[in-house]
Amino acid sequence: MKYAVVIPARYQSSRFPGKPLIDILGKSMIQRVWERCCAAVGQDKVYVATDSDKIQSAAEQFGAQVIMTSSNCLTGTDRLAEANQQLDCDFVINVQGDEPLIEPNDIISVINEYQKQPETVVNAMCPITAEAEFRSFTVPKVVASKTGNLLYMSRSPIPVSKTNGFSFGFKQVCIYAFSKAHLEFFASHQQKTAIEEVEDIEILRFLENDIPVKMIEVASSSIAVDVPLDVDKVINALNER
């Protein structure tokens, strides 16, 4: 099966404009994500998908292959669907452009899981170890069945006790595998579904349309950059390494 790893990146972020080009210890965030993806699958299989000339220029300077998409994409998955119209892959791995510490082995795990179960939407998750993360509304929390099927994903703390207590939890790791057909389906539904709109979590568009999502657990926990304060967390993690 032909596949590619595609990093969707947009310059205009409501919470953090220009986020992909923010400097993190001498490299832009998008370069750090790209390097982690290249470590997993090789440079020839990695692409940046964007509608920004600034991101295109920066990405090409550090050697990335860039696919230009329209500015009409509602989500990163919509951008992937547009990109695959040019790539024509059997499946595409989406690695979010705000995950500069993403683990290459986790990308490989998602690819391997998809190849075991072709035509299945696959997403990664890892345990939440700190209650502050469990309570954070920038962190999508995952509830899955015993066999790994996604039951729900929310920015609210779930599962939570009736006294609002934290017992355990999992958070989304933003690596996805989508078949060509699933990307075409996603792109054909140009309006966000009701719960997707409220939660601002695009994977819910599949659940709301009765398309199952397989969650796989990975050991490592990346640090997503949602707001400017998250950059300091990434820098501290890099300095510790």
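Modeller: Let us begin with a term: a residue counts as buried when its relative accessible area is under 20%, and as exposed when that area is over 50%, with partly exposed in between. The model before us is a predicted one. In it, C126 has a relative accessible area of 0%, so C126 is buried.

Colleague: Is C73 buried or exposed by that rule?

Modeller: C73 is buried, because its relative accessibility is 13%, and the limit for buried is under 20%.

Colleague: Both residues are cysteines. How many disulfides does the model hold?

Modeller: The general idea is that a disulfide is a covalent bond between the sulfur atoms of two cysteines. The rule applied here asks for two cysteine sulfur atoms within 2.5 Å, and the count comes to zero. C73 is therefore in no disulfide, as its nearest cysteine sulfur, that of C89, lies 17 Å away. For C126 the closest cysteine sulfur is in C174, at 10 Å, which is too far for a bond.

Colleague: I should like to turn to the strands. In β10, which residue is the bridge partner of C126?

Modeller: The bridge partner of C126 in β10 is K171. C126 falls within β7, residues 121-127, and six bridges join β7 to β10 in an antiparallel arrangement. K171 is also the partner in β10 of K141. Strand β8, residues 141-144, pairs with β10 over two bridges, again in the antiparallel sense.

Colleague: How many bridges join β6 to β10?

Modeller: Five bridges join β6 to β10, and these strands run antiparallel. One of the pairs is N94 with Y176 in β10.

Colleague: How is the setting of β10 as a whole to be read: enclosed or open?

Modeller: In a regular strand the side chains alternate between the two faces of the sheet. For β10, ten of the ten residues are buried, so the strand is largely enclosed by the rest of the structure.

Colleague: What should one look for in a nonpolar core, and which residues have the most contacts inside the largest one?

Modeller: In soluble globular proteins, nonpolar side chains tend to be buried together. Here the largest nonpolar core has 44 residues, and V48, I93, V95 and I107 have the most contacts inside it. Helix α1, residues 29-41, gives the most to this core, with eight residues. There is also a second, separate core of 29 residues, with L87, M153, F170 and I201 among them.

Colleague: Which residues does V95 contact, its neighbours within four places in sequence aside?

Modeller: Its contacts include V5, V6, I7, V33, C37, I102, I107 and C174. I102 itself lies in the loop between β6 and α4, and is buried, with a relative accessible area of 0%. Apart from residues up to four places away in sequence, I102 touches R36, V95, I107, V173, I175 and S222.

Colleague: Where is S52, and what does its side chain reach?

Modeller: S52 sits in the loop between β4, residues 46-50, and α2, residues 53-61. With a relative accessible area of 9%, S52 is buried. Its side chain reaches the backbone nitrogen of I55 at 3.1 Å. Leaving out residues up to four places away in sequence, S52 touches Y11 and M68.

Colleague: How does one read the buried side of a helix, and which residues of α6 are buried?

Modeller: One asks how the buried residues are spread around the axis. In α6, residues 180-188, they are H182, L183 and F186. These residues cover an arc of only 100° around the axis, which puts them on the same side of α6. The elements they pack against include α3, β6, β7 and β10.

Colleague: Which backbone features deserve attention, and where is P159?

Modeller: P159 is in the loop between β9 and β10, and the peptide bond from I158 to P159 is cis, with omega near -5°. Another feature is a positive phi in a residue other than glycine: phi of E119 is near 70°, and that of D210 is near 60°. E119 lies in the loop between α4 and β7, while D210 lies in the loop between α8 and β11.

Colleague: Are these two residues buried or exposed?

Modeller: E119 is partly exposed, with a relative accessible area of 47%. D210, at 72% relative accessibility, counts as exposed.

Key
Residues are numbered from 1 along each chain as its sequence is written. This is a predicted model: local features need pLDDT of at least 70, side-chain atom pairs count only at pLDDT 80 or more; totals for chains, interfaces and linings use all residues. Side-chain values use heavy atoms; hydrogens and water are left out. Helices (H or I, at least four residues) and strands (E, at least two) are DSSP runs, numbered from the N terminus. Buried means under 20% relative accessible area, exposed over 50%, partly exposed in between (1.4 Å probe, protein chains only). A polar contact is a pair of N or O atoms within 3.5 Å; within protein, one must be able to donate a hydrogen and the other to accept it, and residues adjacent in sequence count only if both atoms are side-chain atoms. Contact means heavy atoms within 4.5 Å. A nonpolar core is a set of buried Ala, Val, Leu, Ile, Met, Phe, Trp, Tyr and Cys residues joined through side-chain atoms within 4.5 Å. The arc is that of the directions from the helix axis to the C-beta atoms. Two strands pair if DSSP finds at least two bridges between them.
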